[in-house]
Every structure is written in C-alpha cells, then in structure tokens.
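Colleague: Please take one part of this model and go through it closely. I would like the strand pairing followed step by step, and then the helix packing for context.

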Amino acid sequence: MSTHSTSNTPLAMAMTLAVCTLLGACAVGPDYVRPDTAAPLAYKENSGWTVAQPADTADRGKWWEVFGDARLNALVEQVEISNQTVKAAAAQYEQARALAESARAAYFPTIGLNAAATRSQAGSGLTTRTTTGASGASSSGSSSISNNVSLSLGASWEADIWGKVRRATEAQTSSAQASAAELAAARLSAQGQLAQSYFTLRQVDAQIQLYADTVAAYQKSLQLTKNRYVGGVSAQADVVAADTQLKTAQAQAINLGVRRAQLEHAIALLVGQPASTFSIAPAPLTTAPPPPVPEAGLPSQLLERRPDVAAAERQVAAANAQIGVAKAAYFPALSLTGSAGYQGSTLANLLSLPNRFWSIGPQLAATLFDGGARDAQSRQARAVYDQNVALYRQTVLTGLQEVEDNLAALRILEQQAAVQDAALQAARESVRLTINQYKAGVVSYLNVVTAQATAFGTERDSVSLLGSRYVASVQLIQALGGGWHATSLPGAAAVNAANDPKRP
C-alpha cells in the first residue's frame, strides 16, 4: 500500500497520460489493403449472347420472386425462419459480434470494488521466563486478537501505445464481418438448394404427367391391336408388343415416385419441417415459360455481390490485423494502476479521514528473452495471412468459374431448346402418321412402337431440358450472389474505406 502525497505526483500522472495519448495513435503492423485478384474485364461465355428474358437481380433482396411462383416464394420465406443451418450460422455471427465487443472493451480501464473484513490472532511465542523462590513459577508471552476492515476502489488501464488493442479490435471486427457474410452465404445456399429442389420436383411432376398421358395412349394402342387381332387383321405378336410397351411405361411411372418423395423430403429439411408431416401438391413444370436469366454484369462486381467472397476477404483483413498484434509483443507495455479506499480496525469509524489510503502509479513491462516465441508467433501470423490470401483468391476464381459454367449452360440449353421443340413437333407428327398407316394396314405395329417410343423419349427430353434450364437459372443467380451486396455488411463504410485503392 502506498500513500504518496508529494506535489509532483499529479504532474507525473498528467505527463504519463499525455505521452500515452500521443503514442496511442500509432499501430505496428501493416495497414490492410485488399489483395489483388485475377478478375477479367468480361465474362467469356456472355459474349455474343442476347438473353431472351433478362431479369436483373443485382438490386433485389428476394431474388426468387423473378420466377413468379407464389408457392416457391412461400417456401423460400420459411428458410429464414426455420432452417436450422441458417440459425446455426446466425448464432455463430452473434458469437463473433460478442468477441469483437470484448476486444473493443480493452480500450477502457478496468474498475473494481473490494470490501473485506478479517479477524485474526497472532501468538507472540515464549518471550520471558522468571523464577521466584523454590517454586520456579514462570510467565510466558501473550497473544493478541486484531480486526481489519477495508473498503477500496481499484482501477487499471493499459495504454495502447503500439496499437495492440487497435489491431486486436480490427481482427475481431473483421472476423465478425466475415461471420455476417458467412451467414448470408448460408442463407443463400439454403435458398438456392430449395429453389433447385423445387423446380426439379416440378420437373418430376411433369414427367409423371407425361407418363400418365403416355400410359393412356398406350392403352388405346393396346385396345386397337386387340380389336384388330380379334378381327383377324393383326397378329398376336402385335398384342404382346403393345402390352409390353404399356407395362414398361407403367413400371417407369411408378419408379418416379421414389425420386419425387426424396425431393419432397429434401425441401422439408430446408424449411425446417419434419418430412413425415410435409407435402407439396403436384404442379407440372410443362406449363411454365422459359426461366428468366439474370444479367451477369462485370466480373469485378462479383467481389461485392458474393457473400462467400466477402467472407474470405474479411478473413484476410482479420489475419492482417493479427500480424500487428504479434508485432506489438516486441514492445514494452505501459499500464497505469490506482486504488483508493478506507482501512481500519472497526466498521463504525471506517469512513474517516485517518483511515483513508490511495495509491497510483505507472508500470512499464517488457520481455527481454522468450526463446524465440515472439518471432515464431509473428511468422505464424504472416503464414496465416498468406493462407487466407490464397483462399480468398481461390474463392474468387471459384465464383468466376461458377458464373461462366452457368452462363454457358443457359446459353447452350437455350440453343438446344429451340432444336428440341422442332424435334418434338416432328415426333408427334410421326406418331400420328404411323398410327394412320397401321390402321390402313400399310405398316406393321413395330413401326407404331418405334414411333411412339421416339416421341415419348423426345417428350421426356423436353421436360428434362426445361427443368435443367430452371435449375441453371437458379444456379446462375446463386453464383452472382443473389440479391446480396457487400454494403449489407455491418460497418460496410469502414470496409469500403479499407479497400479503397486511393487510401494512403
């Protein structure tokens, strides 16, 4: 306990605080600049292709509404509410926010209150011994009981001379921003998976409807061959062939039920509902128009529109700040501690001037030798930064690949659809002509089977092609980041300032 009362103590305190204020503005370690990426000027697969139905989703939060499907809208809205993966990502973001606030608290002093009361006895031991007469009586030392009551207020504060707290705060803030972007990425992923599963389900519904129509047509063909067989016009082999064709189609139609059930269960999981109680009414995709195609924009915009790219970039910023934290360990730490209160033997007169005490003073501490620990920590921080830079650039390249993949898919599928429509019309006409020829006895039933099988395969390919175009459209929207933008990040203004190439 110190009870300094010299007149120069306030002056020393003022000088210490002034020095801390002047030096607190500096921070060791590199200032963050976003790493360069190999983003081209334009998408290769987008050149020379005029989108038939453009749908710009760059400024739309609810990107799924471009498909104009009320049932899909209702399902996707449940992702934000009930999807457990999204909820887990949201909880992780809250953890990151708490860590950022904890790091920011190091800017402020720590203040504590202490109250204590003790009662103690200390034995004095054998101190004197006297002998009187023949009796040899002796006397020994005595022990005393003392009381001690104290009430004190203490404070401590470490000056951020080298920017250790600043860099640690930067690191945790960037990590929180990365977690926010990861939450957006998890949400977009779940929404995209749901939309893809939904349109695939509708494609299966269209195939089931196609099989139902085909089975009905095959039943008519079977009845036709039976009638002709009874009339002696056709052979029994024609009846067997028609019956085989019918049974095969019926078996394939039943098998589609497995695929539909699995897709329905997958959607139930995405909306956070038990598969046992969830169902979606059939809605064939055949009546839907071609899917909308979003404007791809420029590759450089992808850095701001994809949440996974933003998350990777914020992790780079966090790793960069950790380099400063590691470097600050090389420099001495200056802290200021103080306490004041009352201490006495009784509670009754504790709060009196004679019982008052106080102490205050700075402390400078530095590590002189640590066996290379700080150097190892600095090298580790630099290696983590390099790792995150590589992961960030890889994420950008992956995003560019996904956009190019789906642009190519939509462009090629659109070309295929035009040819497929012509093939479908020709196949339908071939079935009509062949059946008329069979009725007239010009061709055998084998020609009818061949024409019907060709037409059915063409119909099935057309349905699958439409479903693939819808899935590719969803995937392209996902690859472009949906309706997300980097300005949605908490503290987006600070992020943009850090990434500004004109920043000194």
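Modeller: What follows goes through the sheet strand by strand and then turns to the helices.

The model is a predicted one. Its sheet is open and has four strands in the order β1-β2-β3-β4, with antiparallel pairing. At the edges lie β1 (110-122) and β4 (356-365), each of which pairs on one side only. Ignoring direction, neighbouring strands of this sheet are turned against each other by 20° on average.

Start at the β1 edge. Strand β1 pairs with β2, residues 144-159, in the antiparallel sense, and the pairing covers 13 bridges. For a point of reference in the register, G112 is opposite G154 in β2. The next step is from β2 to β3, residues 333-344: these two strands run antiparallel and are joined by 11 bridges. Here A155 has G338 of β3 as its bridge partner. The last step links β3 to β4 through 10 bridges, again with the strands running antiparallel. In this pair, G341 stands opposite F357 of β4.

Now the helices. Helix α3 (residues 84-104) and helix α4 (residues 164-230) have axes that come within 8 Å and cross at roughly 170°. Angles over 145 degrees count as roughly antiparallel, and α3 and α4 are therefore roughly antiparallel to each other. Sorted by class, the residues in the contact of α3 with α4 are 15 nonpolar, six polar and four charged.

A second helix pair is α5 (residues 236-270) with α9 (residues 445-479), whose axes come within 9 Å and cross at roughly 15°. That angle makes α5 roughly parallel to α9. The crossing of α5 past α9 is right-handed. On the α5 side the contact is made by D238, A241, A242, Q245 and Q252, and on the α9 side by Y445, V449, Q452, A453, F456 and R460. By class, this contact of α5 with α9 comprises six nonpolar, three polar and two charged residues.

Finally, there is helix α8, which has 67 residues (373-439). At 1.5 Å a residue, α8 should span 99 Å, and its end C-alpha atoms are 93 Å apart, so the two values agree. After α8 comes G441, which has a positive phi, near 80°.

Definitions and conventions
Residues are numbered from 1 along each chain as its sequence is written. This is a predicted model: local features need pLDDT of at least 70, side-chain atom pairs count only at pLDDT 80 or more; totals for chains, interfaces and linings use all residues. Side-chain values use heavy atoms; hydrogens and water are left out. The expected span of a helix is 1.5 Å times one less than its number of residues. Axes are lines fitted to C-alpha atoms, for helices over the stretch in contact, and angles run from 0 to 180 degrees between N-to-C directions. Angles under 35 degrees count as roughly parallel, over 145 as roughly antiparallel, 65 to 115 as roughly perpendicular and the rest as oblique. A crossing is left-handed if the near helix is turned anticlockwise from the far one by less than a right angle, and right-handed if clockwise. Contact means heavy atoms within 4.5 Å. Ala, Val, Leu, Ile, Met, Phe, Trp, Tyr, Cys and Pro count as nonpolar, Asp, Glu, Lys and Arg as charged, and the others, Gly among them, as polar. Two strands pair if DSSP finds at least two bridges between them.
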